[in-house]
Amino acid sequence: MANLEELDKNKMPRHVAIIMDGNGRWAKKQGKLRVFGHENGVKTVRETVENCVKLELEYLTLYTFSTENWKRPKIEIDTLMRLLVSSLKKELKTFSENNIRLNAIGDIESLPKRANKELKEVMEKTSQNTGMTLTLALSYGAREELKNAVKQISAKVKNNIISIENIDETIINSHLYTHDLPDVDLLIRTSGEHRISNFLLWQIAYAELYFVDVFWPDFSSQHLAEAIKSYQNRERRFGKTSEQLN
Ligand code: IPE
Ligand code: IPE
Ligand code: MG
């Protein structure tokens, strides 16, 4: 297994995004309720954030709750929202000590009042921090994000603020929730599922994908190191030939 110390500091991804999957199955495997899995998943979030700070990563984005996750049983949604509020309260100190700026993407107005308020407070209190940007995707769906961008751009065209000819990738980018984030370099998904589940469809166009067969509560610093090591051993060609790169 790789460890964080052996990674090449000169070949670090700028932006790592993680689909934190498998809390429910992790709990079920031990005959426990799904809630138990989510509680343990929070510990992994904390450790992963700390590890990414140690690696001096610039951007970490975590898929925390999708637009589709609203279809889950109310009791599970309530638990997830309760865990979100308690973690935000607890971690404000950690964010400040580690110079982390908290950011959120998604329809955060649809979150329960308390979660929305706590989130905004922590974002405001950490807004001047200059270290890692930690983005939580909450009530996030990539199709919803793209739909909103299309609506906003259409309204601007209608009102003669932008012309159709000028619509380019930069303009589309600037209307996404992620307008102030660089493209994803490395996308990790735990739990053994090989799918994207409506996460950052536009932003992962050229991301390196890494799937690992471990449930999120068991994702360790070694797994993170393995993922980044794999990333460092890949050749990112962006359409060019290998020869052109050298
Ligand atoms: C990921 O774990 C957490 C969220 C989606 C909120 P799951 O809850 O999806 O766990 P599995 O995939 O059912 O095991
Ligand atoms: C994706 O996991 C969403 C998050 C990790 C927050 P899901 O468990 O919701 O994805 P599917 O349903 O297996 O595709
Ligand atoms: Mg899942």
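How far is an oxygen atom of ligand 1 from a polar backbone atom of Gly22? The distance is 3.3 Å. This is a predicted model, and the contacts below are read from it.

**Ligand 1**

Gly24 also takes part through its backbone: one of its polar atoms there is 2.9 Å from an oxygen atom of ligand 1. Arg72 uses its side chain instead, with a polar atom 2.7 Å from an oxygen atom of ligand 1. On its own, ligand 1 has 370 Å² of accessible area, and the protein covers 86% of it. Helices supply part of the shell: H1, H2 (34–54) and H3 (74–97) each give two or more residues. H1 provides the largest share, with three residues.

In total, 13 residues surround ligand 1. The closest are Asp21, Gly24, Arg25, Arg34 and Arg72. By class, the shell holds two nonpolar, six polar and five charged residues. Ligand 1 sits in the largest pocket.

**Ligand 2**

Ligand 2 sits in the largest pocket as well. Its surroundings include Ile19, Met20 and Asp21. Tyr63, Thr64 and Phe65 are also there, along with Asn69 and Arg72. Arg189, Arg195 and Ser197 complete the set. By class, this shell has four nonpolar, three polar and four charged residues. Strand E2 (residues 59–66) gives the most to the shell, with three residues.

Three side chains place an N or O atom close to an oxygen atom of ligand 2. The table gives each distance.

| Side chain | Partner | Distance |
|---|---|---|
| Asn69 | oxygen atom of ligand 2 | 2.9 Å |
| Arg189 | oxygen atom of ligand 2 | 3.4 Å |
| Arg195 | oxygen atom of ligand 2 | 2.8 Å |

Taken alone, ligand 2 exposes 390 Å², of which the protein buries 77%.

**Residues at both ligands**

Asp21 is among the residues around ligand 2 and among the closest to ligand 1. Arg72 likewise appears around ligand 2 and among the closest to ligand 1.

Where does Asp21 lie in the fold? Asp21 is in the loop between strand E1 (15–19) and helix H1 (23–29).

**Database record**

An unreviewed UniProt entry lists Asp21 and Glu208 under "binding site". From this set, Asp21 is part of the lining of the largest pocket. That pocket is where ligand 1 sits, and ligand 2 sits there too.

Methods: Residues are numbered from 1 along each chain as its sequence is written. Chains are lettered from A and ligands numbered from 1 in the order in which they are written. This is a predicted model: local features need pLDDT of at least 70, side-chain atom pairs count only at pLDDT 80 or more; totals for chains, interfaces and linings use all residues. Side-chain values use heavy atoms; hydrogens and water are left out. A residue is near a molecule or strand if one of its heavy atoms lies within 4 Å of it. A polar contact is a pair of N or O atoms within 3.5 Å; within protein, one must be able to donate a hydrogen and the other to accept it, and residues adjacent in sequence count only if both atoms are side-chain atoms. Accessible areas come from the Shrake-Rupley method with a 1.4 Å probe; for residues, only the protein chains shown count as cover. On a 1 Å grid over the protein atoms alone, a cavity is a set of points where a 1.4 Å probe fits but cannot get out, and a pocket is an open set with protein on both sides within 12 Å along at least five of seven lines; lining residues have an atom within 4 Å of a point. A molecule sits in a cavity or pocket if more than half of its atoms lie within 2 Å of its grid points. Helices (H or I, at least four residues) and strands (E, at least two) are DSSP runs, numbered from the N terminus. Ala, Val, Leu, Ile, Met, Phe, Trp, Tyr, Cys and Pro count as nonpolar, Asp, Glu, Lys and Arg as charged, and the others, Gly among them, as polar. UniProt positions are given in the numbering used here, feature names are shortened, and annotations may be inferred rather than shown by experiment.
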